[in-house]
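Ready for some practice in reading a protein structure? Have a look at the sequence and the model below, then work through the exercises one at a time.

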Amino acid sequence: MKFGFVLAVLSATAALCQIQPPAGLRSGAGVQAAQDEREPDGLKACKTPPPAPAGRGGPGRGRGPAEAAGVREYAVKEIPGVVAAGQQWKDIWEVDGNNADGIIATPDAGLLIAQNDKSDVVKLDKDGKTSVAYIGTNTGGSVAMNSKGHLFIVNRGLNPSIEELTPQRKTLANHYNGDPLDCVGGVLNDLTADSKGGAYFTMGGLFYTDPRGKVTRYGENLRTNGIVLSPDEKKLYVTNGPAIAVFDVQKDGSLTNQREFAKLEGGGNGDGSTFDAGGRLYVTSNPGVQVFAADGKYLGLIPTPRGIISVAFSGPDKKTLYAVARDNAQNKDWIIAIQMIAQGPKGRGK
């Protein structure tokens, strides 16, 4: 009875969070696999079918839901060493549709932005100008760059995959236990790349693809969404509903010692995440960006004018915190930014 109740709640949540594909599209690029009219036929070939009913949903966006429509009032309070009181978020860029997610910093102080609907990756430079960096992703939803500059993306369309975009464009992984990733269920959500050429990703659960494309599942009782490696790659952090789980990373990329790192404040679930140079962890949630010390102590909230889903440090000195804000009613995304005291880490931030 308890399990059935949980499934019902998850299914209802999925329905509420669903974001429809671009107008008129029922299949192909820009349509997430769970919404694609061809998917039911493909699932017939699964040796291990996905769980039902909750497993075929998850947020239609592929990320945690941003808060409902409208701009809200907020006041930033001081978090010592992190942000000064009275700082304000500024709108840097806006775009129609589900076309901003999974942001990361570029070495030249810009951002890379995954575009679900357009299946492109856009670069936003330090002056707020955009250009298309990569085209032809399969409903790409989040990007990650490892310490060697290799860039990866999660493709959320039919036949989901982890794709390497550079230095060589190729599919890294699209199968688990002999089945296409479609058979896992849910939305291929977020990822973080390691220096070995592999990547950790979330898709209902927590997975790792090694550099050869072998996928292994880790963790127990996880409701995953956002994910990030620590800058030294010794720990992996993943949101787990209203909490954050942490794992120890072994030399071969395997994960051990799952435990709770912290709980989010103010209700709701966690989503995108990043670190600063001081080892503090930043996690997006409906109220804004929640900040945690390296030992898991809650340091405070940086409230935002809208619900947000993704976060990254960038700018010339890496003292600007960027976030993706979403208004479901307007079907619009924003890149917003705030000046920080804290500085992003050297090298990769995700």
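**Exercise 1: The disulfide**

The link of C46 and C183 is left-handed, with -85° about the S-S bond. Before going on, note that this is a predicted model, in which local features need pLDDT of at least 70, side-chain atom pairs count only at pLDDT 80 or more, and totals for chains, interfaces and linings use all residues. Residues are numbered from 1 along each chain as its sequence is written, and side-chain values use heavy atoms, with hydrogens and water left out.

Task: Find which parts of the chain the disulfide ties together, and decide whether C46 and C183 are buried or exposed.

Solution.
- Step 1. Start with the bond: C46 is joined to C183, S to S 1.9 Å. A disulfide is a pair of cysteine sulfur atoms within 2.5 Å, and the structure holds one disulfide.
- Step 2. Place both ends. C46 lies in the loop between helix 2 (39–43) and strand 1, while C183 lies in the loop between strand 11 (179–180) and strand 12, so the pair ties together parts that are 137 residues apart in sequence. Helices (H or I, at least four residues) and strands (E, at least two) are DSSP runs, numbered from the N terminus.
- Step 3. Check the accessibility. Buried means under 20% relative accessible area, exposed over 50%, and partly exposed in between (1.4 Å probe, protein chains only). C46 has 10% and is buried; C183 is buried too, at 7%.

**Exercise 2: Salt bridges**

Task: Find what the salt bridges of K332, R156 and K123 link, and say how accessible these residues are.

Solution.
- Step 1. Recall the rule: a salt bridge is a side-chain nitrogen of Lys or Arg within 4 Å of a carboxyl oxygen of Asp or Glu. The whole structure has 16 salt bridges.
- Step 2. Take K332, whose side chain meets that of D96 at 2.6 Å, N to O. This pair links distant parts of the chain, with K332 in strand 26 and D96 in strand 1 (residues 90–96), 236 residues apart. K332 is buried at 13% relative accessible area, and E94, D96 and K332 are linked in a network of salt bridges.
- Step 3. Move on to R156, which forms a salt bridge with D101, the closest N and O atoms being 3.5 Å apart. R156 lies in the loop between strand 7 (151–155) and strand 8 (161–166) and D101 in strand 2 (residues 101–105), so parts 55 residues apart in sequence are tied together. Both ends are buried: R156 at 2% and D101 at 1%.
- Step 4. Finish with K123, whose salt bridge with D108 has its closest N and O atoms 2.4 Å apart. K123 lies in strand 4 (residues 120–124) and D108 in the loop between strand 2 and strand 3 (111–115), so the pair ties together parts that are 15 residues apart in sequence. Here K123 is partly exposed at 22%, and D108 is partly exposed at 41%.

**Exercise 3: Two open sheets**

Task: For the sheets 12-13-14-15 and 2-3-4-5, find which strands stand at the edges.

Solution.
- Step 1. In the sheet ordered 12-13-14-15, four strands pair in the antiparallel sense. Two strands pair if DSSP finds at least two bridges between them.
- Step 2. Strand 12 (191–193) and strand 15 (215–218) each have a single partner strand, so one side of each is left without a neighbour in the sheet. From one strand to the next, the twist averages 20°; axes are lines fitted to C-alpha atoms, for helices over the stretch in contact, and angles run from 0 to 180 degrees between N-to-C directions.
- Step 3. Look inside this sheet: strand 13 (residues 199–203) and strand 14 (residues 205–209) pair over five bridges, and A199 has T209 in strand 14 as its bridge partner.
- Step 4. Turn to the open sheet of four strands with the order 2-3-4-5, again with antiparallel pairing. Strand 2 and strand 5 (130–134) are its edges, each with a single partner strand, and neighbouring strands are turned by 30° against each other on average, direction ignored.
- Step 5. Strand 3 and strand 4 pair over five bridges, with A114 opposite V121 in strand 4.
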